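Please walk me through this structure. Start with the pocket, then move on to the sheet and the cores.

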Amino acid sequence: MIIRSEQDMIAFGSEIAEGLVSPITVELIGDIGVGKTTLVKGIAKGLGITEDVTSPSFTLSKIYHSPNQPTTVTHFDFYRLTNPGIMQEELSESIKDPSTITIVEWASTVKNVLPKNHIEIFIHYNDDNTRTVEIKK
């Protein structure tokens, strides 16, 4: 799928949210600035979350609660993490929580914790400022 704008990425994330049933883990794969957090904004919007979704680059994780359903979105960003340490345990707990949709960016340091049946979403930056998004289940 080709995404042409930030609004398109949010709309796409909102569409994806309709098919996400907790517990589920989603891995976002793509370069810095490609739109991973924007996609999470769309997923949150699709779940009825009205909180401002921001990148957890410095805090490593952020939790958002859906007011419409008993679903929590836990968004992890391990870009700055060279050793997962205790964050690996927090991620594992999130993955096992039956009411949580776990979304992970930069998962290379915690790959061994991700469930085998997780969804991978690849976002590629194109020369014409569009993004190509591929979903692998």
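Helix α2, residues 36-46, gives the largest share of the lining of the largest pocket: three residues. The model is predicted. In it, this pocket has a volume of about 210 Å³. Its lining counts 15 residues, and the closest to the centre are Ile32, Gly33, Lys36, Ser55 and Glu105. By type, the lining residues split into four nonpolar, six polar and five charged.

Next comes tryptophan 106. It sits in the loop that runs between β5 (100-105) and β6 (119-125). Is tryptophan 106 buried or exposed? Neither label fits: its relative accessibility is 26%, so it counts as partly exposed. Buried would require under 20%, and exposed over 50%. Tryptophan 106 touches Ile32 and Lys36, two of the residues closest to the centre of the largest pocket. Its other contacts, leaving out residues up to four places away in sequence, are Leu28, Gly30, Asp31, Asp77, Phe78 and Tyr79. Glutamate 27 is 79 residues from tryptophan 106 along the chain, yet their C-alpha atoms are separated by 8.1 Å.

Now the sheet. Strands of a sheet pair through backbone hydrogen bonds, either parallel or antiparallel. Here seven strands form an open sheet with mixed pairing. Read across, the order is β1-β7-β6-β2-β5-β4-β3. At the edges lie β1 (2-3) and β3 (61-65), each of which pairs on one side only. Strand β4, residues 72-77, runs parallel to β5, and six bridges join the two. One residue of β4, aspartate 77, has glutamate 105 of β5 as its bridge partner. Glu105 also belongs to the group closest to the pocket centre, while Asp77 is among the contacts of tryptophan 106.

What about the interior? In soluble globular proteins, nonpolar side chains tend to be buried together. The largest nonpolar core holds 25 residues. Leu20, Leu39, Ile43, Ile103 and Ile121 touch the most other members. At least two residues of this core come from each of α1 (6-17), β2 (24-29), α2, β5 and β6. Apart from this core lies another, of twelve residues, including Leu60, Leu81, Val104 and Val113.

Isoleucine 103, from the largest core, shows how neighbours gather around one residue. Which residues does isoleucine 103 touch, not counting those up to four places away in sequence? They are Val26, Leu28, Val40, Ile43, Val73, Thr74, His75 and Phe76. Leu28 is a contact of tryptophan 106 too.

Key: Residues numbered from 1 in each chain as written. Predicted model: local features only at pLDDT ≥ 70, side-chain atom pairs only at ≥ 80, totals over all residues. Heavy atoms only, no water. 1 Å grid on protein atoms, 1.4 Å probe; cavity = no way out; pocket = protein on both sides within 12 Å on 5 of 7 lines; lining within 4 Å. Points joined across faces, edges and corners; volume = space filled by probe spheres on them. Helix = DSSP H or I, 4+ residues; strand = E, 2+ residues; numbered from the N terminus. Nonpolar A, V, L, I, M, F, W, Y, C, P; charged D, E, K, R; others polar. Buried < 20%, exposed > 50% of the residue type's maximum accessible area, 1.4 Å probe, protein only. Contact = heavy atoms within 4.5 Å. Core = buried A, V, L, I, M, F, W, Y, C linked by side-chain atoms within 4.5 Å. Pairing = 2+ DSSP bridges.
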